[in-house]
Amino acid sequence: MHPQPVHPVRRLLRAPRAGSFAKPLVAALLLGLVPSLDAQENYAQWTGHSRIWLNTQGNGAGVAQDVTGFPVLVRLTTAQATVFAQARANGADIRFTRTETTGRLPHQIERWDTAAKAAEIWVRVDTVRGNNGDQSIWMHWGKADAADSSSGPQVFRTTDGFQAVYHLNQPAAALALDATPNALHATPTSVTEAPGVIGPAKGFDGAASFYEVIGSELGALDFAPGGSYTVSAWVNVTTANSGTHYEIVSKHDRQYALKIHNSGNFEFFEFNPTTFWNGVRSPVETGNWKLLTGVAQGGQLRLYVDGALASADIVQAGTSGASGAGLTNLSIGKRGDNSTRFFNGLIDEVTLAGTARPDAWIRLAYQNQRAAQT
């Protein structure tokens, strides 16, 4: 979502004028925020203000149902040069609110590049209303003594289902930080820096590049067969030779993975000790960014590509094998339980949730995150 400047030096000393909004904005309390936080900040002391519209109608995101606890991605570009000129270094004074003056919304700054005038900021909105063109949030900037309040754990909450979120925006040799309160950071091996869909991404060479989430054998990412969970990642595939597997996000070859199957298809699979490998597939596309989302719910599987359902038809394989649940760490870019099946290409924004995300959530995520979104 791109903000539209509204009265860049307008003082917010009064309540909005009658008729200043076409329709009332959402007024529900944002659960989990410290009640005194909003009272401590008077946005009349900020010099810049901009209203950001969330359009889910057919001429926007095209999402008919409400989505709750959703991290909205706000992009700043050269069109918002005034923001970069007036804000504190690294966007420390950026704030978001539900209405023009009240309703503080948590945010996390993924990237703030003043020289390039580029930034990506995640804002937790308690409810994005479906089939609606009147909903908006507000951004504020321009207060020299404002403390930095960027917080991944406040945006990507485990109470909203998030178990691990990797923006992959850190330097290649650094840990890929988990934005959730779980702090399941990923250790890199031979990954490279590359431009992504949302800020920086990482390159994987198909031979030795991967991340490993040390200590994730058990716990938040050890999703059980037949459970409810969601795995997603933006990928730009370089190589997908028929006859070879390439793992994108993998816990264990006998647990779950988002991968490229040796049939030349994207695949989301879950291993079940009774029915063995159960996978849903869609043809691979190379050379372009694609958002892959795998959803498991009570043994039923769905694979989405770019926010649209690609397959719910399960293909079964195998005749024997014990579950690999609880045995190995999660890996990004290779098979989780072995140093094989390395991915060749780019990966950005890996997300794991301990809930089955609905169609509306998945479509909204794609429509909001895609490079051309407005």
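Two strands count as paired if DSSP finds at least two bridges between them, and in this predicted model that criterion is met by strand E15, residues 246-252, and strand E16, residues 256-261, which run antiparallel and are joined by 5 bridges. Within this pair, His 252 stands opposite Tyr 256 in E16.

The two strands belong to an open sheet of 8 strands, whose order is E10-E13-E23-E15-E16-E17-E18-E22 and whose pairing is antiparallel. At its edges are strand E10 (187-189) and strand E22 (315-317), each of which pairs on one side only, and the twist from one strand to the next averages 25°.

A second open sheet has 3 strands, arranged in the order E3-E7-E6, again with antiparallel pairing. Because strand E3 (67-76) and strand E6 (107-113) stand at the edges with a single partner strand each, one side of each is left without a neighbour in the sheet. Neighbouring strands here are turned against each other by 20° on average, direction ignored. The antiparallel pairing of E6 with strand E7 (residues 118-128) rests on 6 bridges, and in it Asp 113 stands opposite Ala 118 in E7. Across E3 and E7 lies helix H4, residues 359-369, which runs at about 10° to E3.

Turning to a single side chain, Arg 51 is found in strand E2, residues 48-54. Arg 51 is buried and yet has no salt bridge, the nearest side chain of opposite charge being that of Glu 100, 7.1 Å away, whereas a salt bridge would require a side-chain nitrogen within 4 Å of a carboxyl oxygen. The side chain of Arg 51 does, however, make a polar contact with the side chain of Ser 136, at 2.9 Å.

Conventions. Residues are numbered from 1 along each chain as its sequence is written. This is a predicted model: local features need pLDDT of at least 70, side-chain atom pairs count only at pLDDT 80 or more; totals for chains, interfaces and linings use all residues. Side-chain values use heavy atoms; hydrogens and water are left out. Helices (H or I, at least four residues) and strands (E, at least two) are DSSP runs, numbered from the N terminus. Axes are lines fitted to C-alpha atoms, for helices over the stretch in contact, and angles run from 0 to 180 degrees between N-to-C directions. Buried means under 20% relative accessible area, exposed over 50%, partly exposed in between (1.4 Å probe, protein chains only). Lys and Arg count as positive and Asp and Glu as negative; His and the chain ends are not counted. A polar contact is a pair of N or O atoms within 3.5 Å; within protein, one must be able to donate a hydrogen and the other to accept it, and residues adjacent in sequence count only if both atoms are side-chain atoms. Contact means heavy atoms within 4.5 Å.
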